[in-house]
Amino acid sequence: MGKIQTTGYLIKNISIFQLIGMECQANLLHNQRIVSLYGKVVIMKIIKIILVIALFLIALALGAQNQETVTFNYLIAQNELPLSLLLGIVFVVAFAIAWLIFGSLYLKSKLTVLRLRKQLNKAQASSAKPSEQLPEIKG
């Protein structure tokens with residue numbers, strides 16, 4: 001039996017078995033937090049999969065109900081397509097256009113961050129020399 005100093009409190013007469021028990025309880029709580037976090041991630045993935053399947057089934061049901069043939073007039077010609085096919089084509093084209101627009105904005109922001117980090121690294125390297133002024137960061 002010994003004395004253990006812990007964060008400003010003096011704990012007297014703790015056996016090694018009690019100390020090991022406290023450490024095991026702390027590890028168990030830590031592991032439960034990890035399992036809980038992992039469980040939340042798994043549950044979120046399952047919810048996402050269920051939502052995707054539900055949306056697919058709704059789209060399939062709507063497509064089955066909308067088999068009417070419609071005339072689609074575009075600039076140079078016209079075509080008769082099933083309504084569900086036309087809706088699917090418009091959705092895919094709109095998704096591709098949105099992906100290109102937001103992908104280019106994301107790429108532009110990543111390149112701006114990369115350029116600013118380079119300027120920051122140069123400024124930090126030159127800050128050791130007090131005679132030089134820091135470069136102007138343009139954004």
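**View 1. Leu86 in helix H2 and the residues that surround its side chain.** With a relative accessibility of 14%, Leu86 counts as buried, because the class takes in residues under 20% relative accessible area. The structure shown is a predicted model, and Leu86 belongs to its helix H2. Once residues up to four places away in sequence are set aside, Leu86 touches Val70, Phe72 and Leu81. The C-alpha atom of Leu86 lies 9.5 Å from that of Thr69, a residue 17 positions away along the chain.

**View 2. Helix H2 from end to end, with its buried residues.** Helix H2 covers residues 83–126, and its 44 residues should span 64 Å at 1.5 Å a residue, which agrees with the 64 Å that separates its end C-alpha atoms. Which residues of H2 are buried? They are Leu86, Ala123 and Ser126. The cover over the buried residues of H2 includes strand S3, residues 69–74, and strand S4, residues 77–82.

**View 3. A nonpolar patch on the surface, with Phe102 as one of its members.** Leu85, Ile89, Val93, Ile97, Ile101, Phe102 and Leu105 together form a nonpolar surface patch, and their combined accessible area is about 650 Å². Phe102 lies in helix H2 and, with a relative accessible area of 57%, is exposed, since that class begins over 50%. As general background to this view, residues three or four places apart point the same way, because an α-helix has 3.6 residues a turn.

**View 4. The aromatic pair formed by Phe72 and Tyr74.** The count of aromatic pairs comes to one. In that pair the ring centres of Phe72 and Tyr74 are 5.5 Å apart and the ring planes meet at 40°, so the arrangement is tilted, a term that applies because the angle is neither under 30 degrees nor over 60. Phe72 is partly exposed, its relative accessible area being 32%, and Tyr74 is likewise partly exposed, at 38%. Phe72 is also among the residues that Leu86 touches, which links this view to the surroundings of that buried leucine.

**View 5. Gln67 in the loop between helix H1 and strand S3.** Gln67 is placed in the loop that runs between helix H1, residues 16–65, and strand S3. Its relative accessibility of 48% makes Gln67 partly exposed. Which residues does Gln67 contact when its neighbours within four places in sequence are left aside? The contacts are with Pro82 and Ser84. For Gln67 and Ser84, a separation of 17 residues in sequence goes with a C-alpha to C-alpha distance of 6.3 Å.

**View 6. Pro82 in strand S4 and its contacts.** Pro82 is a residue of strand S4 and, at 28% relative accessibility, counts as partly exposed. Leaving aside its neighbours within four places in sequence, Pro82 is in contact with Gln67, Glu68 and Thr69. Between Pro82 and Glu68 the C-alpha to C-alpha distance is 5.5 Å, although the two residues are 14 positions apart in sequence.

**View 7. The whole chain, as context for the close-ups.** The chain contains two helices and four strands, which follow one another along the sequence in the pattern β-β-α-β-β-α. Of its 139 residues, 4% count as buried, and the accessible surface of the chain comes to about 12800 Å², with 69% of that area belonging to carbon and sulfur atoms. Among the contacts in the chain with a separation of 6 or more, 2% join residues that are 24 or more positions apart.

Definitions and conventions. Residues are numbered from 1 along each chain as its sequence is written. This is a predicted model: local features need pLDDT of at least 70, side-chain atom pairs count only at pLDDT 80 or more; totals for chains, interfaces and linings use all residues. Side-chain values use heavy atoms; hydrogens and water are left out. Patches are made of residues with over 30% relative accessible area and no salt bridge: like charges are joined within 9 Å, nonpolar side chains (Val, Leu, Ile, Met, Phe, Trp, Tyr) within 5 Å. Accessible areas come from the Shrake-Rupley method with a 1.4 Å probe; for residues, only the protein chains shown count as cover. A salt bridge is a side-chain nitrogen of Lys or Arg within 4 Å of a carboxyl oxygen of Asp or Glu. Buried means under 20% relative accessible area, exposed over 50%, partly exposed in between (1.4 Å probe, protein chains only). The expected span of a helix is 1.5 Å times one less than its number of residues. Contact means heavy atoms within 4.5 Å. Rings of Phe, Tyr and Trp (its six-membered ring) pair if their centres lie within 6.5 Å; planes under 30 degrees apart count as stacked, over 60 as edge-to-face and the rest as tilted.
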